[in-house]
Each structure stands twice: as C-alpha cells, then as structure tokens.
Amino acid sequence: MIFAAKIILDEIFGAPNYRNLIIRQKCNPKNYTRKAYGKTADFILFYTKTAQYIWNPPVEKLSEKSLKEYQYIEPETGRRFMKVPLHAPGTRNGETGKPWRGILPPPGKHWQYPPAKLDEMDARGDIFWSKNGNPRRKVYLDQHPGMGVQDIWLDFRDAHNQNIKITGYPTEKNSDLLRRIVAASSNPGDLVLDCFAGSGTTLAVADELQRNWIGVDNSPEAFATILERFHRGLKPMGDYSEHRRQWEDRYIQRSLFELMINEGLNEDETNIPESIVTDFSVYIDRDRIAEVRHIIDRTSFPQGFPPISTDP
Ligand SMILES: C[S@@+](CC[C@H](N)C(=O)[O-])C[C@H]1O[C@@H](n2cnc3c(N)ncnc32)[C@H](O)[C@@H]1O
C-alpha cells in the first residue's frame, strides 16, 4: 500500500510536508519458495503538518569504523580523541590569516579560529602539538553527540525471539521503534494519536515518555489487549508461541491475555509489569457498550475501572 498511501498523504498533508520514507527491517530473512525476493521491509512515511515542527534529533552510537578514527588516548585523562586540522581552505587577510605562535597557516589556508580563541583552546589542552611543532585540534570521543539517525532502520524487528516481552497481539510493533518516533517528534506534555492502536504499543510508549495520548481501535481484541497491557504489562514471548501452537485452531486471532484470562494459562504472578497505566478514560460507541463492559469484566481491572463514557 505504500505507493497509494504516499499519494493520499501528499494530498492530505501537502507534498512539501513529506519528510522521509523510512525503511525498517521488520523480521529476520526468510527462505521464500516463490519466485521473488524475501520481504523483510516495512515502510514508515514521515509527514509534518507544517514546515514548523518538533524535531528532537535522534542519534545512534558511532559505527565501528568511526570509532576507529578516535585512535589516540590522552595520557593524563585516558580520553580518546582524533586529531583534525586547525586550518580551513581560503586565504584571509584578517587575524586568522596571520601567524599564530609564529606559525603561518599553510599556503591557501587560514586558521579556523582567531588567535585569542586558539590560545584559549591551547590553555584547555584541546590542541595537540606534534613533535615538529604542528598544532592540531583534539576532537574527543566522549563529546560526540552520536551519529544522526538515517532512513534505513535495522534494529527494530517485531517479536522475533523468545526473550522479549510482548502482548501477543498479532500485529504488535516493536516498542523501541515507537519510542524513537514519539521521542523525536514530540515533547513531554504533547498529544500523541494512534488511530489504529492495536496492542497499544504507541500509547504505552507515549505514556512512559510523559506524553498525553489518544488511542482508537474498533476491535474488541485490541481493546482487551490494551487494557491488560496497561494493568499488567507484557509477558515473555515464549508463553505466547507455546499457547498459540496448542490453541491455534480456536484462538488464531486472540491475544495472549485473552488466552490467559479465559483458560487460566501459565500466568506468572511474579511477573511485575514494566509500567502500569491507570490515568485514562474510555470513550465507546453507545451500541457497543455491552460488548466493552463484557471485556472489562473479564480483565483483572478493579470493579468500575477504567471510567467509561459514551460521550462523543
Ligand atoms: C496493524 S494494527 C496496529 C498495530 C499497532 N501499531 C500495534 O503496535 O499493535 C491495525 C489496527 O487497526 C485496527 N483497525 C482497522 N480498521 C479500523 C477502523 N476502521 N477503525 C479503528 N480501528 C481499526 C485493527 O483492529 C488493528 O488493531
């Protein structure tokens, strides 16, 4: 749907407000039997409403290759650094074109900083002097803000192994993926909307990052899953796979929590929720209220909670 979605979103937000197409690797490589390449890519279209938008630049750790550039260690402090030139291309007639400490910048170049600033840097120990008296600037690894995140994301596969905790909702997204997006594009106190909330990953992450949130879903499965997630947190992936194998015929679309509620399966009382969300209200279509009450009654929420409203 990505190409159709792009055309629709261009119409809704305006083509200039398109920012990125992010490609995410959603699963491990597969061995396909049909005549095509394995499909491991998922696509995220990033749009903003206007040209003014919140952007908290996400960064990643430096790559091994970049780390190798920081090959020097300051003997006094043990800090790693690399050496970069103190001059830049272009001839200048002002003070940056004149000798500093008796050294002229190389032909066709100028000092990057005025002499007073160079003196200051040297006094702080930020300049490395080679044996033959050439100054270079030290760039410390511990002051590097990290590498700006690019548009191919390889680290956020969905429930892909037995060691992580999940809700068991069939389309549950990786929490770290949503954490990156919510943190980059909103600030604490802002409002995050997920109009297809599913397992509630976006909502849980938004809550954890102190954002307000609105979640919408028309599936009772999603509703039950979100409520349980808020109340009891996530469960280890291993349980879900096992139960799914056992009950596949009957429960193919059911969430882990529903299985546990209905069948009393393998509930680990010692599993303390990672985060409990209690400060929310539920708004529901009047004609579905009985269905929703029934779901709430089957969850472990205390009687009368969460508060339910049928207001529009
Ligand atoms: C791909 S899932 C969302 C997954 C979610 N991001 C997560 O982490 O679990 C899409 C969700 O949209 C819901 N949905 C589909 N059509 C809908 C509609 N017309 N109104 C509200 N929800 C809808 C489905 O019930 C499903 O839970």
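This passage looks at the protein chain as a whole and then at the surroundings of its ligand. Everything here comes from a predicted model.

Start with the chain itself. It runs to 312 residues, and 34% of these count as buried. Its secondary structure adds up to 9 helices and 17 strands. Take the contacts between residues at least 6 apart in sequence: 62% of them join residues at least 24 apart. As for the outside, the chain has an accessible surface of about 19500 Å², and carbon and sulfur atoms account for 54% of it.

Now for the ligand. The residues around it include a run from Phe196 through Ala197 and Gly198 to Ser199, with Thr201 also in the group. Asp217, Asn218 and Ser219 belong to the surroundings too, as do Tyr169, Thr171, Glu172 and Lys173. Sorted by character, this shell holds 6 polar residues, 3 nonpolar ones and 3 charged ones.

Some members of the shell reach the ligand with polar side-chain atoms. In tyrosine 169, an N or O atom of the side chain sits 2.6 Å from an oxygen atom of the ligand. Serine 199 also places a polar side-chain atom 2.6 Å from a ligand oxygen. For threonine 201, the distance between a polar side-chain atom and an oxygen of the ligand is 3.0 Å. How much of the ligand does the protein bury? On its own the ligand would expose 600 Å², and the protein buries 68% of that area.

Conventions:
Residues are numbered from 1 along each chain as its sequence is written. This is a predicted model: local features need pLDDT of at least 70, side-chain atom pairs count only at pLDDT 80 or more; totals for chains, interfaces and linings use all residues. Side-chain values use heavy atoms; hydrogens and water are left out. A residue is near a molecule or strand if one of its heavy atoms lies within 4 Å of it. A polar contact is a pair of N or O atoms within 3.5 Å; within protein, one must be able to donate a hydrogen and the other to accept it, and residues adjacent in sequence count only if both atoms are side-chain atoms. Accessible areas come from the Shrake-Rupley method with a 1.4 Å probe; for residues, only the protein chains shown count as cover. Ala, Val, Leu, Ile, Met, Phe, Trp, Tyr, Cys and Pro count as nonpolar, Asp, Glu, Lys and Arg as charged, and the others, Gly among them, as polar. Helices (H or I, at least four residues) and strands (E, at least two) are DSSP runs, numbered from the N terminus. Buried means under 20% relative accessible area, exposed over 50%, partly exposed in between (1.4 Å probe, protein chains only). Contact means heavy atoms within 4.5 Å.
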